[in-house]
Amino acid sequence: MFLSNKNIGIIALALLLFTYLNLFTGLYFVSAIGAALFLLVFIKFVQDIGQKIEVRDLIAFLSILQWIVGPILAYNILPYDELYWMDVSEETYMNFVVPGCMALVIGMYFPLSEERTVGLEEIERVKEYLIEHPYVGYIIAAGGLATSILSPYVPGSLGFLFKLLASLQFVGVYMILFGNSKFKWILFSGLLGTVIMGSVLQGMFGELMNWLLFSFLVISIVVKIPMWAKVSMIAFGFVVILLIQSTKEEYRKATWFAETSESNSEIYKQIIMKRISDPSTIFGSSTLENMGARLNQGWIIARIMGNMPQNYPFVRGETIETAIYAGLLPRVLAPGKAMAGGRANFERFTGTPLPETTSMDISLMGEGFANYGVIGGIVFLLIIGLFYNWIIITVLKIAKNHPILILFVPMLFFDVIKAETDFATIFNYLTKSALVIYLVFWGMNRVLKINM
């Protein structure tokens with residue numbers, strides 16, 4: 001990534017951005033380094049679209065966007081926010097987070113093996129497999145759809161398992177997209193429409209955004225879109241995010257707290273149409289400021305840095321050990337194991353109480369600091385990057401004999417790409433999704449006699 005001839009121009013642009021920000025804007029120089037790192041990662045992300053299914057690009061892009069770019073806006077541009085204020089100075093914050101992000105990126109892209117990424121060669125093997133097994137995608141998608149329909153009726157203890165199995169809808173449709181079916185775009189549109197409707201009815205849009213991102217990567221390879229189309233789609237995606245962000249608060253008030261005879265879908269349609277008819281409500285200062293505040297996950301990290309170790313000592317790996325134990329053992333064998341998710345850790349490490357109905361994670365960056373401080377936290381992020389790197393390499397090695405495994409990567413990393421998630425959530429999702437994927441392959445081979 002860093003020293004190839006292809007990327008010399010990208011690095012030069014990043015250096016120019018750093019020089020400009022440092023000399024002409026008065027931005028703190030470490031913040032300027034962070035902005036330059038974001039530009040480098042963003043350009044690589046755009047270049048790889050249509051060429052690779054590169055989950056590391058998504059992780060790097062979203063992490064730096066929320067841990068560096070959002071805080072830069074909070075420190076230098078956005079007005080003071082009564083909820084999401086930064087608890088430490090920009091210098092203190094950036095001196096930890098920028099090196100931490102660099103460590104994560106280096107770990108993820110370090111050339112540990114010749115198998116480095118899901119590129120066009122791997123995709124061609126997937127297409128060859130699907131020519132020989134044209135119905136596999138339909139079987140996988142049907143299984144995912146069935147579990148999605150059944151998931152509201154299963155016991156809570158099986159909820160996470162059914163959530164993972166429901167992800168097979170997208171995996172199966174991705175297989176169909178790479179095949180020769182005349183109905184593939186109809187099937188994909190139908191699935192996406194169902195997921196959008198489910199998000200609207202629940203008022204929860206996080207999972208929808210993740211599937212849109214992964215679907216964008218897959219579709220870009222299927223249709224081989226040119227650079228201008230990539231940029232246009234990214235710009236359109238930004239407008240869609242602004243549109244959704246501008247509607248969330250009004251929609252939730254109308255559906256969660258107000259009494260009305262109208263259905264949730266009717267309410268949301270009215271709100272959307274009102275925004276579209278008056279675009280100034282989408283691009284207004286209040287919407288953009290709210291978007292900037294939501295973009296900033298750094299306020300949680302800053303709150304941890306302001307609270308530890310002054311008021312609460314570093315926990316020296318405690319949450320990491322607990323997460324590994326919780327991720328490796330099923331709850332039936334360890335009923336007292338920790339729950340994935342960061343509400344307890346948030347209150348403990350930030351010193352900030354949360355309402356009973358609210359849950360927030362502390363992110364890998366915040367967890368690294370809470371456990372090991374500045375230097376140890378940076379090393380922790382490097383190890384996390386190497387861990388992701390190793391997982392992708394392992395998938396690529398297995399895919400030499402089982403090429404269709406490539407299309408399960410979005411399912412494997414679905415919760416991992418979120419910048420706000422803590423290690424317990426990430427490790428639990430990785431281990432459980434890997435187990436479910438293994439069982440799908442085993443079942444297809446042993447039960448249906450289909451070699452995947």
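Student: What makes up the area that the chain exposes in this predicted model?

Tutor: The chain exposes about 21700 Å², and carbon and sulfur atoms supply 66% of that area.

Student: What share of the residues counts as buried, and why is a residue called buried?

Tutor: A residue is called buried because its relative accessible area is under 20%, and of the 452 residues of the chain, 51% count as buried.

Student: How do you know what kinds of elements the chain has, helices or strands?

Tutor: The count for the chain gives 20 helices and zero strands.

Student: What makes helix 18 depart from a straight helix?

Tutor: A straight helix of 37 residues would span 54 Å, because the expected span is 1.5 Å times one less than the number of residues. Helix 18, which covers residues 363–399, spans only 30 Å between its end C-alpha atoms. Helix 18 also has a kink of about 125°, centred on Gly373.

Student: Why is a residue said to line the second largest pocket, and which residues lie nearest its centre?

Tutor: A residue counts as lining because it has an atom within 4 Å of a point of the pocket. For the second largest pocket, 23 residues form the lining, and Ile398, Leu405, Ala434, Ile437 and Tyr438 lie nearest its centre. The space in this second largest pocket is about 570 Å³.

Student: Which helices supply at least two residues each to the lining of the second largest pocket?

Tutor: They are helix 18, helix 19 (409–412) and helix 20 (423–446), and helix 20 gives the largest share of that lining, with 10 residues.

Note on methods:
Residues are numbered from 1 along each chain as its sequence is written. This is a predicted model: local features need pLDDT of at least 70, side-chain atom pairs count only at pLDDT 80 or more; totals for chains, interfaces and linings use all residues. Side-chain values use heavy atoms; hydrogens and water are left out. Helices (H or I, at least four residues) and strands (E, at least two) are DSSP runs, numbered from the N terminus. Buried means under 20% relative accessible area, exposed over 50%, partly exposed in between (1.4 Å probe, protein chains only). Accessible areas come from the Shrake-Rupley method with a 1.4 Å probe; for residues, only the protein chains shown count as cover. The bend at a residue is the angle between axes fitted to the seven residues ending there and the seven starting there. On a 1 Å grid over the protein atoms alone, a cavity is a set of points where a 1.4 Å probe fits but cannot get out, and a pocket is an open set with protein on both sides within 12 Å along at least five of seven lines; lining residues have an atom within 4 Å of a point. Grid points are joined across faces, edges and corners, and a volume is the space filled by probe spheres set on the points.
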